[in-house]
Amino acid sequence: MEARAQARFVRISPRKARAVVDLVRRKDLDEALSILRYTPTRAAQIVAKVVDSAAANAENNFDLRRSKLYVDQIYVDEGPIYKRVQPRARGRRYLIRKPTSHITVVVRERRGV
């Protein structure tokens, strides 16, 4: 049995989020949350929120025990890129690209623990 959670259109670069996501893949839930708590990046706070949401979904929707949960799959997909314009010298413009991410977390219950 698995539970999942998604955070979509999150205003963080997928490249930065993937660096954090790689730290917690295949870890126990409590270990993953403690790693994220002490990782000093903005992406860590966002990923921790999604992992916590997936754990809550597992507990409330599927009656899984929180102590047996682990992060089975966690991945970051690219969302749309918001484009903004900043005026520059001589009437030119500079394109500002604001990337977004879709973060997906799947938690499962360990067997034989």
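Partly exposed, as used here, covers a relative accessible area between the two limits: under 20% is buried and over 50% is exposed. Keep that handy, and remember that this is a predicted model.

**Exercise 1. Sort D52 and R66 by exposure, then work out what their contact links.**

Start with D52. Its relative accessible area is 38%, so D52 is partly exposed. R66 comes in at 27% relative accessibility, which puts R66 in the partly exposed class too.

Now look at the contact. D52 and R66 form a salt bridge, with 3.1 Å between the closest N and O atoms. Next, place the two partners: D52 sits in helix 3, while R66 is in the loop between helix 3 and strand 2, so the pair ties together parts 14 residues apart in sequence.

**Exercise 2. Follow the salt bridges out from E2.**

First step: E2 meets R4 through their side chains, in a salt bridge of 3.6 Å, N to O. Check the exposure of each partner. E2 has 27% relative accessibility and counts as partly exposed; R4, at 42%, is partly exposed as well.

Second step: put the bridge in context. By the rule used here, the count is eight salt bridges. Some share partners, and these join E2, R4, R26, D72 and R108 into one network.

**Exercise 3. Do the same check on D22 and R25.**

The closest N and O atoms of D22 and R25 are 2.9 Å apart, and the two form a salt bridge. For exposure, D22 reaches 48% relative accessibility, which makes it partly exposed. R25 has 34% and is also partly exposed.

**Exercise 4. Find the positive patch and place R11.**

Go to the surface and pick out R11, K16, R42, R84 and K98: together they make a patch of positive charge. To be in a patch, a residue needs over 30% relative accessible area and no salt bridge. R11 has a relative accessible area of 37%, so R11 is partly exposed. As for its location, R11 lies in the loop between strand 1 (2-10) and helix 1 (14-24).

**Exercise 5. Take the largest nonpolar core apart.**

Begin with the size: this core has 31 residues, and the ones touching the most other members are L36, V47, V51, I74, I103 and V105. Then list the elements giving two or more residues: strand 1, helix 1, helix 2 (29-37), helix 3 (42-62), strand 2 (69-78) and strand 5 (101-109). Which element gives the most to this core? Helix 3 does, with ten residues. For background, nonpolar side chains in soluble globular proteins tend to be buried together.

Methods: Residues numbered from 1 in each chain as written. Predicted model: local features only at pLDDT ≥ 70, side-chain atom pairs only at ≥ 80, totals over all residues. Heavy atoms only, no water. Patch = residues over 30% accessible without salt bridge, like charges linked within 9 Å, V, L, I, M, F, W, Y side chains within 5 Å. Areas by Shrake-Rupley, 256 points an atom, 1.4 Å probe, with all protein chains shown as cover. Salt bridge = Lys/Arg side-chain N within 4 Å of Asp/Glu carboxyl O. Lys, Arg positive; Asp, Glu negative; His and termini not counted. Charge placed at Lys NZ, Arg CZ, Asp CG, Glu CD. Helix = DSSP H or I, 4+ residues; strand = E, 2+ residues; numbered from the N terminus. Buried < 20%, exposed > 50% of the residue type's maximum accessible area, 1.4 Å probe, protein only. Core = buried A, V, L, I, M, F, W, Y, C linked by side-chain atoms within 4.5 Å.
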